[in-house]
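Biologist: Please take one loop of this model, go through it closely, and then follow its contacts and its neighbours along the chain outward, with the local backbone, the burial and the charge pairs described as you meet them.

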Amino acid sequence: MNAILLSAVWGIVMMFSGIFTTSKTAIRNVAVVGLVLLVLGNYADMIGYHLMTVNVHKMLYFDTFGLLGNLIAFGSTLLYVLLSGRDMEKVGHHLAEYFALIFFVLCGVAIVTTFNTLLMLFLGIEIISIPLYILTGADKRNLKSNEASLKYFLMGAFSTGLMLLGIAFLYGATQTGTFFIDDLWSGKTAVTPLFMAGLLLLLVSMAFKVSAAPFHFWTPDVYDGAPTVFTSFMATIVKVSIFVGFIRLFDEAFGDSQEKWQVFVAIIAAATLFIGNVTAVFQQSVKRMLAYSSIAQAGFMLLALLALNGVAKEGIILYAAAYSIATIGIFAVLIRMKDYTFEGFNGLARQQPVLAATCTIFLLSLAGIPLTGGFFAKYYMLSSVVATGHYLWLVIFAVLCAAVSVYYYFRVIQAMYFKDGDGATEAEPGLGFKGLLVVLAVIVVVLGVWPQSLLGQLSRLIYTW
Amino acid sequence: MNQIPLSHILFVSTALFFIGMYGLFTRRNMITMLMAVELILNSVNINFIAFNKYLYPEKLEGVFFSLFIIAIAAAEAAVAIAIIINLYRNLHSIDVEAADEMKF
């Protein structure tokens with residue numbers, strides 16, 4: 001509850017800070033303070049200290065899984081603002097409002113990761129989506145940004161319609177007449193057509209939100225058109241938290257009817273892996289390549305949804321951390337580049353050795369090379385599917401797709417190290433920026449060397465305090 | 001109360017849903033597309049109210065849900081109109097075909 005209260009309040013604080021000060025540094029510092037408070041508040045929630053006792057009538061349920069998802073979302077947002085907060089100034093004049101919208105998105109994130117009724121799921125998804133439509137169109141003079149925002153809105157509203165229809169069908173199919181997710185299946189033995197229709201509509205609409213194929217077609221355009229700072233936010237924190245909600249929904253509500261819908265998730269996962277990886281190979285712009293790579297990574301995260309066992313839930317938390325941190329790092333470097341194509345990265349290693357080296361670690365992590373966080377994240381996903389005993393073909397297919405992904409990630413590394421060029425960044429990056437990138441790279445490596453220690457430590461802290 | 005069977009009302013709401021979907025995919029005018037989205041959301045409202053009234057008459061969950069949908073739809077419409085006005089300022093047109101900056 002702390003996180004929801006703090007993020008909503010701090011969003012309003014940010015809006016007022018825009019009135020009382022024009023100093024951009026001051027506004028950024030207010031945002032950083034808010035994010036630190038959010039992380040601490042969420043941590044306090046984990047160890048059982050609450051700012052306020054609110055009777056939520058079981059509509060929200062704060063379990064370790066959701067709170068860990070929150071912690072990763074807020075922690076990566078903090079890193080993201082520290083790294084790229086300065087670049088938000090270039091988007092437009094309304095810096096305070098951008099931060100306010102980010103805090104409102106985080107409020108939605110906190111609801112989506114801890115919902116216990118379909119009503120809260122719907123509200124959380126909408127609280128995430130509506131500020132994102134605005135952030136996508138934040139660059140008001142840029143036609144591409146406007147167009148991306150329109151496309152995002154139309155697709156988002158359409159998928160919301162599908163989700164609502166699904167919820168309405170499930171509401172008609174329950175005998176209890178409530179929206180609690182654990183009541184949806186209770187007392188049923190056979191799947192009615194109404195229940196199945198509702199389940200599939202929910203699956204499709206959530207697949208829209210996490211940009212899984214074949215519902216991914218808005219993603220490249222929206223990620224490409226949106227200002228790069230906000231693309232970074234959308235592709236990492238938002239996507240990962242919606243995944244946490246996605247898994248929570250299917251685990252709690254439909255976990256008992258798993259064999260009825262598993263095959264649909266398997267098909268969606270295979271299609272997402274294939275389309276994401278193969279299309280990314282043909283991209284000329286690194287920004288667009290990262291958009292397709294985020295689709296491909298969503299395919300891997302869908303494997304956790306397919307398996308839905310303990311390994312999968314642990315793995316999705318690790319995946320969330322590894323993927324968010326690596327992608328935020330790459331985007332932070334990309335924002336500083338003059339040219340977003342692969343050629344723009346030519347010779348970056350000579351000009352900016354620190355940027356190139358950290359970028360390489362992030363790309364290796366995304367490709368799933370051992371000793372980086374991405375390797376264990378992918379390993380957990382695959383082993384969770386193996387543990388179910390079925391769908392071995394999907395595991396093999398996923399490994400093949402990961403091999404394809406090495407090609408386009410290594411193209412960037414190749415451009416940075418083995419090609420001549422000036423690898424021009426817009427301005428000489430500061431020492432703090434470089435230092436933070438190194439910190440991020442260290443986190444990625446630590447996640448890759450001792451994933452169990454981090455996850456174990458986190459859960460030990462939570463249970464023993 | 002039960003002169004009209006539930007299936008009739010569900011038929012109306014489903015028809016409305018697909019009219020909205022058809023409008024969203026065929027219309028080229030941004031305002032009409034926005035109206036189509038509203039049609040989709042309102043058809044779901046009818047669904048919720050009908051299920052609540054016919055299946056769970058002693059409860060109010062469905063009615064509350066539709067209240068939330070109305071509020072969210074209003075917020076969405078406000079943002080959508082802002083986006084459309086912004087596009088109109090740049091393109092001098094509200095035809096979606098005019099917004100074709102990004103091609104695959």
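Modeller: I would begin with A:His57, which counts as exposed because its relative accessibility is 54%, and the cut-off for that class is over 50%. Please keep in mind throughout that this is a predicted model. A:His57 sits in the loop between helix H2 (24–46) and H3 of chain A, and its backbone deserves attention, since phi is positive there, at about 55 degrees, although the residue is not a glycine.

A positive phi of about 55 degrees recurs at A:Ser211, which is not a glycine either, but the setting is another one. A:Ser211 belongs to the loop between H7 and H8 of chain A, and it counts as buried because its relative accessibility is 0%. In that loop, between helix H7 (193–209) and helix H8 (218–225) of chain A, there is also A:Pro214, which is joined to A:Ala213 by a cis peptide bond with omega at about 0 degrees.

Back in the loop between H2 and H3 of chain A, the next residue to consider is A:Asp63, which makes a salt bridge with A:Arg248, with 2.8 Å between the closest N and O atoms. The pair ties together distant parts of the chain, for A:Asp63 is in the loop whereas A:Arg248 is in helix H9 (residues 228–252) of chain A, 185 residues apart. A:Asp63 and A:Arg248 are both buried, so the loop holds an exposed residue, A:His57, as well as a buried charged one, A:Asp63.

Helix H3 (residues 64–88) of chain A, on the far side of this loop, packs against helix H4 (residues 95–112) of chain A at an angle of about 165 degrees, and the axes are 11 Å apart. That angle makes H3(A) roughly antiparallel to H4(A), because angles over 145 degrees are placed in that class. The crossing of H3(A) and H4(A) is right-handed.

Helix H9 of chain A, reached through A:Arg248, leads on to a further charge pair. A:Asp251 forms a salt bridge with A:Lys313, and their closest N and O atoms are 2.9 Å apart. Here again distant parts of the chain are linked, from A:Asp251 in helix H9 of chain A to A:Lys313 in helix H12 (residues 310–336) of chain A, 62 residues apart. A:Asp251 counts as partly exposed because its relative accessibility is 24%, and A:Lys313 is partly exposed as well, with a relative accessible area of 23%.

Helix H12 of chain A is also where A:Ala312 is found, and this residue is buried, with a relative accessible area of 2%. From A:Ala312 to A:Met381 there are 69 residues in sequence, yet their C-alpha atoms are 6.1 Å apart in space.

These pairs belong to a wider set, as a search of the whole structure gives 14 salt bridges over all chains. Side chains of opposite charge can pair when their charged atoms come close. A network of salt bridges links A:Lys144, A:Glu147, A:Lys151, A:Asp221, A:Asp224 and A:Arg288. A:Asp224 in that network is a residue of helix H8 of chain A, and it counts as buried because its relative accessibility is 13%. Its C-alpha atom is separated by 27 Å from that of A:Ile317, a residue 93 positions away along the chain.

Chain B offers a case of its own, where B:Arg28 forms a salt bridge with B:Glu97, the closest N and O atoms lying 2.7 Å apart. Distant parts of the chain are linked by this pair, with B:Arg28 in the loop between helix H1 (6–26) and helix H2 (30–55) of chain B and B:Glu97 in the segment after helix H3 (61–91) of chain B, 69 residues apart. B:Arg28 is partly exposed, with a relative accessible area of 33%, and B:Glu97 is partly exposed, with a relative accessible area of 47%.

To close on a part of the surface without such pairs, A:Val354, A:Leu371, A:Val438, A:Val442, A:Val446, A:Val449 and A:Trp450 form a nonpolar patch with about 580 Å² of accessible area together. Helix H17 (residues 431–449) of chain A contributes the most to the patch, with four residues. A:Val442 is in helix H17 of chain A, and it counts as partly exposed because its relative accessibility is 45%.

Methods: Residues are numbered from 1 along each chain as its sequence is written. Chains are lettered from A and ligands numbered from 1 in the order in which they are written. This is a predicted model: local features need pLDDT of at least 70, side-chain atom pairs count only at pLDDT 80 or more; totals for chains, interfaces and linings use all residues. Side-chain values use heavy atoms; hydrogens and water are left out. Patches are made of residues with over 30% relative accessible area and no salt bridge: like charges are joined within 9 Å, nonpolar side chains (Val, Leu, Ile, Met, Phe, Trp, Tyr) within 5 Å. Accessible areas come from the Shrake-Rupley method with a 1.4 Å probe; for residues, only the protein chains shown count as cover. A salt bridge is a side-chain nitrogen of Lys or Arg within 4 Å of a carboxyl oxygen of Asp or Glu. Helices (H or I, at least four residues) and strands (E, at least two) are DSSP runs, numbered from the N terminus. Buried means under 20% relative accessible area, exposed over 50%, partly exposed in between (1.4 Å probe, protein chains only). Axes are lines fitted to C-alpha atoms, for helices over the stretch in contact, and angles run from 0 to 180 degrees between N-to-C directions. Angles under 35 degrees count as roughly parallel, over 145 as roughly antiparallel, 65 to 115 as roughly perpendicular and the rest as oblique. A crossing is left-handed if the near helix is turned anticlockwise from the far one by less than a right angle, and right-handed if clockwise.
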